[in-house]
Amino acid sequence: MTAAPSGPELVEAMGDYDEQLVRAGVLLAGEVLHPSSAGFRTEVAEDGGRVVVRGPFAEAVIAGFWVLQVRSREEMVEWARRCPVPVTVLQVRAVEDVEVRFAAEIREFTG
C-alpha cells in the first residue's frame, strides 16, 4: 500500500478528485471544515438544559465531506477507492425512512 500524498501533492490530488466527481455529475456538495478548535458542541446539563462546550475535540477527525449521488453501493466503493485520502462512507437516509422509524418509536413509547 502506498502512502497518501501530502502537502502540495495532496492539494493537487484532491482538486483532481473533485473535478472527476463534478465531471461525472455525482457531486451534490463538498466542503472543507475548520478544525474542531474553532467549534463547539452542546451537552445535556444535570438540570436537563444545555451546556456549550468549546473545542478542540480529540475525537473529531472529520476534515471535510462530500455528498455524492450514485446509482449503487458498488459505484460508491469505486469512488471511495479513487479518493487520494482514506475515507469513511456513510449513507444518507431518505426522509421517508426516518419518518417511518420515528413514527414506530413514538407509537412504542406512547403505547
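How many salt bridges does the structure hold? There are five, and a few of them get their own close-up below. Keep in mind that this is a predicted model.

**View 1. Glu19 and Arg23 pair up along helix α1.** Their side chains meet in a salt bridge, 3.7 Å from N to O. Both residues sit in α1, four residues apart, or about one turn of the helix. Glu19 comes out as partly exposed, at 45% relative accessibility. Arg23 is exposed, at 62%.

**View 2. Arg71 and Glu75 form a salt bridge.** Here too the N to O distance is 3.7 Å. The two ends sit in quite unlike surroundings: Arg71 is exposed, with a relative accessible area of 77%, whereas Glu75 is buried, with just 16%. Glu75 counts as buried because its 16% falls under the 20% cut-off.

**View 3. Arg81 reaches Glu78 within helix α2.** The closest N and O atoms of this salt bridge are 3.1 Å apart. Because the partners are three residues apart in α2, about one helical turn separates them. Arg81 is exposed at 63% relative accessibility, and Glu78 is partly exposed at 37%. Elsewhere, Arg41, Glu43 and Glu59 are joined into one network by salt bridges that share partners.

**View 4. The largest pocket holds about 1,300 Å³ of space.** It is lined by 33 residues, and the closest to its centre are Phe65, Trp66, Thr88, Val89 and Leu90. Who supplies the lining? Helices α1 (7-24) and α2 (73-82) and strands β1 and β4 (64-68) each put in at least two residues. By type, the lining divides into 23 nonpolar residues, six polar and four charged.

**View 5. Leu33, Val61, Ile62 and Phe65 make a nonpolar patch on the surface.** The patch covers about 400 Å². Leu33 belongs to the loop between β1 (27-32) and β2 (40-44), and this residue is partly exposed, with a relative accessible area of 38%. Phe65 turns up in two views: it is part of this patch, and it is also among the residues closest to the centre of the largest pocket.

**View 6. A cis peptide bond runs from Gly55 to Pro56.** Omega is near 10° for this bond. For context, most peptide bonds are trans. Pro56 lies in the loop that links β3 (50-54) and β4.

Technical notes
Residues numbered from 1 in each chain as written. Predicted model: local features only at pLDDT ≥ 70, side-chain atom pairs only at ≥ 80, totals over all residues. Heavy atoms only, no water. Patch = residues over 30% accessible without salt bridge, like charges linked within 9 Å, V, L, I, M, F, W, Y side chains within 5 Å. Areas by Shrake-Rupley, 256 points an atom, 1.4 Å probe, with all protein chains shown as cover. Salt bridge = Lys/Arg side-chain N within 4 Å of Asp/Glu carboxyl O. Buried < 20%, exposed > 50% of the residue type's maximum accessible area, 1.4 Å probe, protein only. 1 Å grid on protein atoms, 1.4 Å probe; cavity = no way out; pocket = protein on both sides within 12 Å on 5 of 7 lines; lining within 4 Å. Points joined across faces, edges and corners; volume = space filled by probe spheres on them. Nonpolar A, V, L, I, M, F, W, Y, C, P; charged D, E, K, R; others polar.
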